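Visitor: Could you take me through one part of this model in detail? I would like to follow a single element and see what lies around it.

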Amino acid sequence: MTTQAHVIKTQMPDPAPSPEAILKQVHLALEEMKAKDAVEIDVRGKTSIADYLVVVSGTSTRHVKSVADEVVRFAKKCGVMPLGVEGEREAEWVLVDLGDVIVHVMLPRVREFYALERLWTVGDQPPEDPGHG
């Protein structure tokens with residue numbers, strides 16, 4: 001007899017909104033909250049965890065938390081409940097997992113330190129000319 005593992009993740013609506021529909025809500029939330037320097041990274045074919053990562057900066061811990069809360073609020077508009085929200089207490093880096101789209105809201109110094117954009121885009125661009133960098 002096989003037993004089913006309990007998955008403690010909320011379910012996506014059926015049919016689930018497309019990653020692009022989720023991204024649209026994310027970007028609307030980021031605009032609403034005046035989040036800084038949003039970068040969208042297409043990670044299809046690089047990882048199975050998501051299709052897109054969105055990395056964005058907040059100006060303070062309070063702003064980071066507010067931006068993350070707004071992303072959750074906007075995602076719910078298209079029926080998406082976050083699968084998880086991490087880091088809200090310290091609010092230096094809050095991760096909002098919306099399934100196909102994962103949003104990282106970070107303080108600029110934290111963002112600079114972890115350099116997620118570089119991590120996920122290595123090999124995407126032609127090598128930089130050493131004379132210009």
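Guide: Happily; what follows is a walk along helix H1 and out to the elements around it.

A word on confidence comes before the details. This is a predicted model, and the mean pLDDT of the protein chain is 87, with 82% of its residues at 70 or more. One stretch to treat separately is residues 5-9, where pLDDT stays under 50 and the model has 2 contacts beyond four places in sequence.

Now to the helix. H1 covers residues 19-32. Its 14 residues should span 20 Å at 1.5 Å a residue, and the C-alpha atoms at its ends are indeed 20 Å apart, so the two values agree. The residues of H1 that are buried are Pro-19, Ile-22, Leu-23, Gln-25, Val-26, Ala-29 and Leu-30. Looking down the helix axis, these buried residues fall within an arc of 165°, so they line one face of H1. The general background is that an α-helix has 3.6 residues a turn, so residues three or four places apart point the same way.

Turn the helix over and the picture changes. The face of H1 directed away from the buried side carries the exposed residues Lys-24 and Glu-31. For Glu-31, the relative accessibility is 58%, which is why this residue counts as exposed. Glu-31 also gives a handy distance to check in your viewer: its C-alpha lies 9.5 Å from that of Val-67, although 36 residues separate the two in sequence.

What does the buried side of H1 pack against? Its partners are E1, E2, H2 and E5. They can be visited in turn, starting with the other helix.

H2 runs over residues 61-77. With 17 residues, H2 reaches 25 Å from first C-alpha to last, close to the 24 Å expected at 1.5 Å a residue. Its buried residues are His-63, Val-64, Val-67, Ala-68, Glu-70, Val-71, Val-72, Phe-74 and Ala-75. These residues pack against H1, strand E3 (84-86), E4 and E5. Val-67, met above as the distance partner of Glu-31, is thus one of the buried residues of H2.

Next come the strands. E2, at residues 52-57, is mostly covered, with 6 of its 6 residues buried. In a regular strand the side chains alternate between the two faces of the sheet. Here both faces of E2 are covered: Tyr-52, Val-54 and Val-56 are buried on one side, and Leu-53, Val-55 and Ser-57 are buried on the other. E2 pairs with E1 (residues 36-42) in the antiparallel sense through 5 bridges, and Asp-42 stands opposite Tyr-52. The pairing of E2 with E5 is parallel and has 6 bridges; there, Val-55 stands opposite His-104. Val-55 is also in contact with Glu-117, a residue of helix H4 (residues 116-121). Glu-117 has 18% relative accessibility and therefore counts as buried. Leaving out neighbours within four places in sequence, the other contacts of Glu-117 are Val-39, Ile-41 and Arg-111.

These elements come together in the largest nonpolar core, which has 34 residues. Val-26, Leu-30, Val-71, Val-96, Leu-98, Val-101 and Val-103 touch the most other members of this core. Two or more core residues come from each of H1, E2, H2, E4 (93-97) and E5 (101-106). H2 supplies the largest share, 7 residues. From H1, Val-26 and Leu-30 appear both among these well-connected core members and on the buried face of the helix.

Finally, follow the chain out of H1. The helix is followed by Lys-34, whose phi is positive, near 55°, although Lys-34 is not a glycine. Lys-34 sits in the loop between H1 and E1, and it counts as exposed because its relative accessibility is 62%. A little further along, in strand E1, Asp-37 has a positive phi of about 50° and is not a glycine either. At 59% relative accessibility, Asp-37 counts as exposed. After H2 there is also a residue with positive phi: Gly-79, near 85°.

Conventions. Residues numbered from 1 in each chain as written. Predicted model: local features only at pLDDT ≥ 70, side-chain atom pairs only at ≥ 80, totals over all residues. Heavy atoms only, no water. Core = buried A, V, L, I, M, F, W, Y, C linked by side-chain atoms within 4.5 Å. Buried < 20%, exposed > 50% of the residue type's maximum accessible area, 1.4 Å probe, protein only. Helix = DSSP H or I, 4+ residues; strand = E, 2+ residues; numbered from the N terminus. Contact = heavy atoms within 4.5 Å. pLDDT = per-residue confidence, 0-100. Pairing = 2+ DSSP bridges. Expected span 1.5 Å × (residues − 1). Arc of directions from axis to C-beta.
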